[in-house]
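User: Please take a close look at the pocket side of this model. Keep it brisk, and state the cut-offs as you go.

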Amino acid sequence: MTSSAARKASGKPRRKPAAGAFFSVRDSVKVVQGRSGPKAGKRAKFLADTLVKHLHAFIKEARPSMDEWMQGIHFLTRTGQLSNDWRQEFILLSDVLGVSMLVESLNHEKLSGETESTVLGPFYIPDAPRYPNGANICLDGKGEPVLVRGRVVTAKGKPIPGALIEVWQANEDGFYDVQQKGIQPDMNLRGIFTADAQGRYAFRSAYPRHYPIPYDGSVGDVLKALDRNPNRPAHLHFKVTAPGYETLVTHIFTPDCPWLEDDAVFGVKQSLIADFTIVNDPARAAELDLPSPFREAVWDVVMTKSSRRQR
Ligand code: BEZ
Ligand code: FE
């Protein structure tokens, strides 16, 4: 017996479906949003509803074919499968779509004069060696010598003694130590310094070079399909922490890198481009135990008080 025959036989009238019970293209957003129950968390519901609204608008505008939809599913599956403790393909995807920089910038709006932030990237490790000020973090001896120094200060210019300055960068060949285990010395080009009583820090290193982000995976396929450059302009990473201040994650970029205006992850801000002056002073070079000439970047870090953002 069919179900309608069974209903007729039982004498039960057909129940009218509740409004929004069935899916339609026109009401797709309302139907999906309407399924959450009374116990849904307020923030979770807001995030999911907003995502559904924009995702459905994207699908209605782009109208992917069934094949394209399946390709999208395969792409996301592969992105997940490529992610592990050492590689985070989803963060890389967020990076090349400009999402990381958008989230980052919206969460760290700065008042004029405070040092701007940028992406953390996948090559930060928290347990780098701690060094005294002036130490050389370039353990492979490659690249042009550089002295980076400056002060960590408040927006009013007061020193912040004891601030921790973590730095890391790629080597002359464009790779981080963690990408070349057994090729570069462990902990090459990374270290943690402590601001002195006047807020000063200093370290010796190598002039950074541009390098490509990992592009042998699903994100690389996106870059290739869109004829996009995989390079990041030459930079040196900083993470600066001090009690009472927002943690600052930033870079300084070299001013002469050809990729400054085409960063694969959109991390460049004008205020983060530093001067790396060529110093031709053999006596000073000898004092610093650097070859002559060397480059010098003077980079002050202006921290943001953590209380400012309490809303
Ligand atoms: C980095 O600067 O280390 C980086 C940032 C985003 C993606 C890949 C690398
Ligand atoms: Fe980097």
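Analyst: The pockets come first, then a loop residue, the metal site and a few backbone details.

This is a predicted model, so local features need pLDDT of at least 70 and side-chain atom pairs count only at pLDDT 80 or more, while totals for chains, interfaces and linings use all residues. Residues are numbered from 1 along each chain as its sequence is written, chains are lettered from A and ligands numbered from 1 in the order in which they are written, and side-chain values use heavy atoms, with hydrogens and water left out.

The largest pocket holds about 930 Å³ of space. Its lining counts 25 residues, and Phe 58, Ile 59, Pro 64, Trp 69 and Gly 72 are the closest to the centre. (A pocket is an open set of points on a 1 Å grid over the protein atoms alone, where a 1.4 Å probe fits, with protein on both sides within 12 Å along at least five of seven lines; lining residues have an atom within 4 Å of a point. Volume is the space filled by probe spheres set on the points, which are joined across faces, edges and corners.)

Three helices each give at least two residues to this lining: H3 (42-62), H4 (66-82) and H5 (89-96). H4 has the largest share, with eight residues. (Helices are DSSP runs of H or I with at least four residues, strands are E runs with at least two, and both are numbered from the N terminus.) By class, the lining of the largest pocket has 17 nonpolar, five polar and three charged residues. (Ala, Val, Leu, Ile, Met, Phe, Trp, Tyr, Cys and Pro count as nonpolar; Asp, Glu, Lys and Arg as charged; the others, Gly among them, as polar.) Domain 1 (31-80) and domain 2 (91-302) both contribute, so the largest pocket lies between them. (Those bounds come from an automatic or database domain assignment.)

The second largest pocket holds about 620 Å³. It is lined by 25 residues; nearest its centre are Gln 88, Ile 91, Gly 121, Pro 122 and Phe 123. H5 and helix H6 (99-107) each supply at least two of the lining residues. H5 gives the largest share, four residues. This lining splits into 13 nonpolar, seven polar and five charged residues.

Now the loop between H3 and H4. Arg 63 sits there. Its phi is positive, about 45 degrees, although Arg 63 is not a glycine. Arg 63 is exposed, at 67% relative accessible area. (Exposed is over 50%, buried under 20%, partly exposed in between, with a 1.4 Å probe and protein chains only.)

Then the metal. Tyr 176 (OH), Tyr 211 (OH), His 235 (NE2) and His 237 (NE2) coordinate the iron ion (ligand 2) at 1.9 to 2.1 Å. (Donors are N, O and S atoms within 2.8 Å of the metal, or 3.2 Å for Na, K and Ca; water is not among the atoms, so sites may look incomplete.) The donors follow the spacing Y-x34-Y-x23-H-x1-H along the chain. Tyr 211 is in strand S5 (residues 211-212) and His 237 in strand S7 (residues 235-241), so this pair ties together parts that are 26 residues apart in sequence. Both Tyr 211 and His 237 are buried.

Two backbone details remain. The Ser 292 to Pro 293 peptide bond is cis, with omega near 0 degrees. Pro 293 is in the loop between helix H8 (282-288) and strand S10 (294-298). Met 187 has a positive phi of about 65 degrees, although it is not a glycine. At 24% relative accessibility, Met 187 is partly exposed.
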